[in-house]
Amino acid sequence: MKQTTVTSNNNLVFRLAEASEAEAVLALYRAAAASGETEWDEEYPNAQTIEMDLAANGLYVLCQDGRIVGAVSQIDWPDLDAMDIWSPCKRPAGLARLCVHPEARGQGLGQVLVEESILGWEELELEVVRDAKGQMITVCFIENIDPLGVHTGDSFCSAPMLTIPEYVQ
């Protein structure tokens, strides 16, 4: 189980959610929906969404002093997965349902959720050209050598990719 103690001064712990916490995560989602700052409502996200994320071992929580103050889901990306360009050990994924409790906002917890969620991920880029008919061709595969994150344009990259087998590229 991925568990990270983020900072000792804020008593933050980022970890995989447990099934027994489903109600607390749903309450978190409802509080966010009630704040009016999201497009969420009583229908979404719901208990089934949480069960699906738990079953996929993709729901993570951020706890502060033992209380769940944030959640994020790591999900498979089926549209990208269908492209058949991925090696078995590297799967496309994304983040969904990132949520910080309204009472805990303004502390940078959303940033903590994102940073902790993508630890160990790699950034791979495909340069694709499309013509007026909508036909596409991949002209270059690029692998960022720097750690995944926000880049200012001065990051180190490699083309062709170094860790993806050539037959996949």
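Asn 10 counts as partly exposed, at 30% relative accessibility. Asn 10 sits in the loop between strand E1, residues 3-5, and strand E2. I should say at the outset that this is a predicted model. What does Asn 10 contact, once its neighbours within four places in sequence are set aside? The partners are Gln 64 and Asp 65. The C-alpha atoms of Asn 10 and Gln 64 are separated by 6.8 Å, although these positions lie 54 residues apart along the chain in the sense of their numbering.

I turn next to the aromatic residues. The structure holds 3 aromatic pairs. In one of them, Phe 14 and Tyr 60, the ring centres are 5.2 Å apart and the planes stand at 5°, so the pair is stacked; the cut-off for stacking is planes under 30 degrees apart. This pair links distant parts of the chain, with Phe 14 in strand E2, residues 12-16, and Tyr 60 in strand E3, residues 59-64, 46 residues apart. Phe 14 and Tyr 60 are both buried.

Tyr 29 and Trp 40 form another aromatic pair, and its geometry is edge-to-face: 5.2 Å from centre to centre, with 75° between the planes. This pair, too, links distant parts of the chain: Tyr 29 belongs to helix H1, residues 22-34, while Trp 40 lies in the loop between H1 and helix H2, the two being 11 residues apart. Tyr 29 and Trp 40 are both buried. Which residue joins Tyr 29 and Trp 40 in one aromatic cluster? That residue is Tyr 44.

Helix H1 also holds Arg 30. Is Arg 30 buried or exposed? At 18% relative accessibility, Arg 30 counts as buried, because the cut-off for that class is under 20%. The side chain of Arg 30 has a polar atom 2.9 Å from the backbone oxygen of Glu 42. A polar atom of the Arg 30 side chain also lies 2.9 Å from the backbone oxygen of Pro 45. Not counting residues up to four places away in sequence, Arg 30 touches Asp 41, Glu 42, Tyr 44, Pro 45 and Asn 46. Tyr 44 therefore appears both in this list of contacts and in the aromatic cluster, by the contact limit of 4.5 Å and the ring-centre limit of 6.5 Å.

Asn 46 brings us to the start of H2, where one of its side-chain oxygens reaches to within 3.0 Å of the backbone nitrogen of Gln 48. Which residues of H2 are buried? They are Thr 49, Ile 50, Asp 53 and Leu 54. Seen down the axis of H2, these buried residues fall within an arc of 135°, so they line one face of the helix. They pack against H1, E3, strand E4, residues 67-76, and strand E5, residues 93-100. The face of H2 turned away from the buried side carries the exposed residues Gln 48, Glu 51 and Ala 55. After H2 comes Asn 57, whose phi is positive, near 50°.

Helix H4, residues 109-117, can be described in similar terms. Its buried residues are Leu 109, Val 112, Leu 113, Glu 116 and Ser 117. Around the axis they cover an arc of only 120°, which puts them on the same side of H4.

Now to the sheet formed by E6, E7 and E8. Strands of a sheet pair through backbone hydrogen bonds, either parallel or antiparallel. Here, 3 strands form an open sheet in the order E6-E7-E8, and the pairing is antiparallel. Strand E6, residues 124-130, and strand E8, residues 157-158, stand at the edges with a single partner strand each, so one side of each is left without a neighbour in the sheet. How many bridges join E6 to E7? There are 7 bridges between E6 and strand E7, residues 136-144. As one example, Val 129 has Ile 137 in E7 as its bridge partner.

I close with the cysteines. The count of disulfides comes to 0. Cys 63 is buried, with a relative accessible area of 7%. Cys 140 is in no disulfide; the nearest cysteine sulfur, that of Cys 157, is 9.5 Å away, whereas the cut-off for a disulfide is 2.5 Å. Cys 140 is partly exposed, with a relative accessible area of 25%.

Methods:
Residues are numbered from 1 along each chain as its sequence is written. This is a predicted model: local features need pLDDT of at least 70, side-chain atom pairs count only at pLDDT 80 or more; totals for chains, interfaces and linings use all residues. Side-chain values use heavy atoms; hydrogens and water are left out. Rings of Phe, Tyr and Trp (its six-membered ring) pair if their centres lie within 6.5 Å; planes under 30 degrees apart count as stacked, over 60 as edge-to-face and the rest as tilted. Helices (H or I, at least four residues) and strands (E, at least two) are DSSP runs, numbered from the N terminus. Buried means under 20% relative accessible area, exposed over 50%, partly exposed in between (1.4 Å probe, protein chains only). The arc is that of the directions from the helix axis to the C-beta atoms. A polar contact is a pair of N or O atoms within 3.5 Å; within protein, one must be able to donate a hydrogen and the other to accept it, and residues adjacent in sequence count only if both atoms are side-chain atoms. Two strands pair if DSSP finds at least two bridges between them.
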